[in-house]
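Reader: I should be grateful for a close look at one exposed or buried loop position of this model, whichever it may prove to be. Please then follow the account from that position into the parts that the chain offers for comparison.

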Amino acid sequence: MMPDAAAAEASRWSDLPFDLLRDISCRLHAAGDYVRFHAVCEHWHDTLPPAANRPFFLPWLLSRRDNAAGGGHRTARCVSSMMPTICRRRSFCPTMAIPDENWVTRFDDGTAAWILTTRADSSVALINAATGGSPAIPIPADDINNWVHRATGAVCGDGTILLYAFGHVVCSGRYCLSYNCNFDMALLHPGDTTWTMVRIPEILDISPNNRDRCCVAYYRRKIVACLDNSWCVATVLEASEADSGDDWWNRKPCDAPGFESSYVVESRGELLWVFVHVKCTYNNGYHSYHYRSGVVSPLATLLSVLVYTLQEEEDGGGELEWVRKDSHSLCDRVLFLGRPRSFAVDATRVGMADAGCAYFVLNEWCRVYNFCDGKSELVEQLPADWSDKDCMWLTPKPSIATTQEIRERLGECSGKASEPQRRYGPYFRIYVGNLPRKVDHYRLRQFFSKHGMCLDGRPLRVSFADQEKRSTAGKCN
């Protein structure tokens, strides 16, 4: 390509209409694509919308911690860009290392709202995840210091901040036939300045093998805890006054065998209990997949996702029970199931209208289950050190400075006073045809400046009748 032709090609890309570029950027749901789009040139960067109007970004799948004590790194894998319902073209899946923080994520979209941290002076606080600093919420160190390094946090649907942790598992008996551990929780309701602390001693049947599978939620002023297919519910007062938790795991809403994992999700005011179910038979305590004509059935035909919702019993007695939810009622939602937290978003937010589904990791496979047709599909095989026991989803929230903010920062770095913010009129184009060949960008700039149509620092895009000079651009000084 000749130099003039290359310049003309570049000019055509940079001259795309503002509204068109803004519409394209609002349809980019992969955070990496969104950042690269606004880094193309200044004109494309100027289409950056306010933070409140930016699109929902597809979640990242995070690997297990490389440091069990925290403070290490996790690998973030953007498998969302390869989701078959979003993009049929399979491509390389980028990864990146991110610091392993104790994120307090939102139940409604999986973004990190706070970071639970211990400061240099041994005080404990929640740090704003967006700013990395203030505002910070202090937590009484005496009440949480013993379990802060094991704490899991979430922001519930009503705005309550929930922190909880299971203590060290203690085995009893000569052969450790039974286990128990303490359960600690901290709650901060919206508008309150004082934390509510709860401790439940000696919860039975919590072992080192199943402790990470326990899901906890705070729903309608009640504590709900689910382990495999057993659950308990109690108010804060009832939990605080409990002498022990030996009667907690006593109900089974899902009696069908073969479920591989279970998750708790809060969505649209409902508390959902989600089971990844595998059709199988049991032989001497071990499960095996169904056989058809001597051949093992494909896993895709055996997988299903069962969803229950927490409701009051029909007799109106005030007791809560889990009720099976129709899968077709979830066709407008997308569920991201992981540990220790899961979340759900509207399908329209990720460009998947009428394609409700659930994404989860089964062993070392990332799979998707479609609620509309009841079929599952493989998304990607994960590296060998990834597993469903340690993977979690986190929605990225990239911070991109506007052009004005970048100029102000550059002015501060150079020691110059930042220039006052300029106010420009509405953006529009004027086409002037039949210009002589001797007219160049300097003469046009000189002509338009007499009429107040040339603003300082704003590009003047000029279209010439001569095709060889078409798309030549000048800038007003």
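**A loop position and its surroundings**

Author: Leaving aside neighbours within four places in sequence, Thr194 is in contact (heavy atoms within 4.5 Å) with Leu187 and Leu188. The model is predicted, so to speak, residue by residue: local features need pLDDT of at least 70 and side-chain atom pairs pLDDT 80 or more, while totals for chains, interfaces and linings use all residues. Residues are numbered from 1 along each chain as its sequence is written, and side-chain values use heavy atoms, with hydrogens and water left out.

Thr194 lies in the loop between β11 and β12 (196-204); strands are DSSP runs of E of at least two residues, numbered from the N terminus. With a relative accessibility of 56%, Thr194 counts as exposed; the term means over 50% relative accessible area, buried means under 20%, and partly exposed lies in between (1.4 Å probe, protein chains only). Between the C-alpha atoms of Thr194 and Pro140 there are 9.2 Å, although 54 residues separate the two along the chain.

Strand β11 (residues 178-188) also holds Asp184. Is Asp184 buried or exposed? Asp184 is buried, for its relative accessible area is 6%. The side chain of Asp184 makes a polar contact of 2.7 Å with the side chain of Arg199; such a contact is a pair of N or O atoms within 3.5 Å, of which one must be able to donate a hydrogen and the other to accept it, and residues adjacent in sequence count only if both atoms are side-chain atoms. Not counting residues up to four places away in sequence, Asp184 touches Trp147, Leu163, Tyr164, Ala165, Val198 and Arg199.

Tyr164 leads on to an enclosed space, being one of the residues that line the largest cavity. Rolling a probe the size of a water molecule over the atoms shows where empty space is left. A cavity is a set of points, on a 1 Å grid over the protein atoms alone, where a 1.4 Å probe fits but cannot get out, and lining residues have an atom within 4 Å of a point. By this rule there are 2 cavities of 30 Å³ or more, and the largest has a volume of about 90 Å³; points are joined across faces, edges and corners, and a volume is the space filled by probe spheres set on the points. The lining of the largest cavity includes Phe107, Cys215, Tyr263 and Pro340. Strands β9 (161-166), β13 (215-219) and β16 each give two or more residues to this lining.

Pro340 is found in the loop between β24 and β25 (343-346). The peptide bond from Arg339 to Pro340 is cis, with omega near 10°. Most residues other than glycine have a negative phi, and most peptide bonds are trans. Two arginines have a positive phi. In Arg220, phi is near 55°; the residue lies in the loop between β13 and β14 (222-227) and counts as exposed at 57% relative accessibility. Arg268 has a positive phi of about 55°, belongs to the loop between β16 and β17 (270-278) and is partly exposed, at 47% relative accessible area.

Strand β16 has a further role in the description, as part of an open sheet. This sheet has 4 strands in the order β16-β17-β22-β23, paired antiparallel; two strands pair if DSSP finds at least two bridges between them. The edge strands, β16 (259-267) and β23 (320-324), each pair on one side only. From one strand to the next the twist averages 25°, the axes being lines fitted to C-alpha atoms and the angles running from 0 to 180 degrees between N-to-C directions. Strand β22 (residues 303-312) pairs with β23 in the antiparallel sense over 5 bridges, and Thr309 stands opposite Val323 in β23.

Strand β24 (residues 333-336) pairs with β26 in the parallel sense over 3 bridges, Phe336 having Tyr359 as its bridge partner in β26. Because 6 of the 6 residues of β26 (residues 357-362) are buried, this strand is largely enclosed by the rest of the structure. Cys357, Tyr359 and Val361 point one way from β26, while Ala358, Phe360 and Leu362 point the other way. Strand β27 (residues 365-370) runs antiparallel to β26 and is joined to β26 by 6 bridges. In the hairpin of these two strands, with 2 residues between them, Asn363 takes a positive phi near 60°.

Notes. On a 1 Å grid over the protein atoms alone, a cavity is a set of points where a 1.4 Å probe fits but cannot get out, and a pocket is an open set with protein on both sides within 12 Å along at least five of seven lines; lining residues have an atom within 4 Å of a point.
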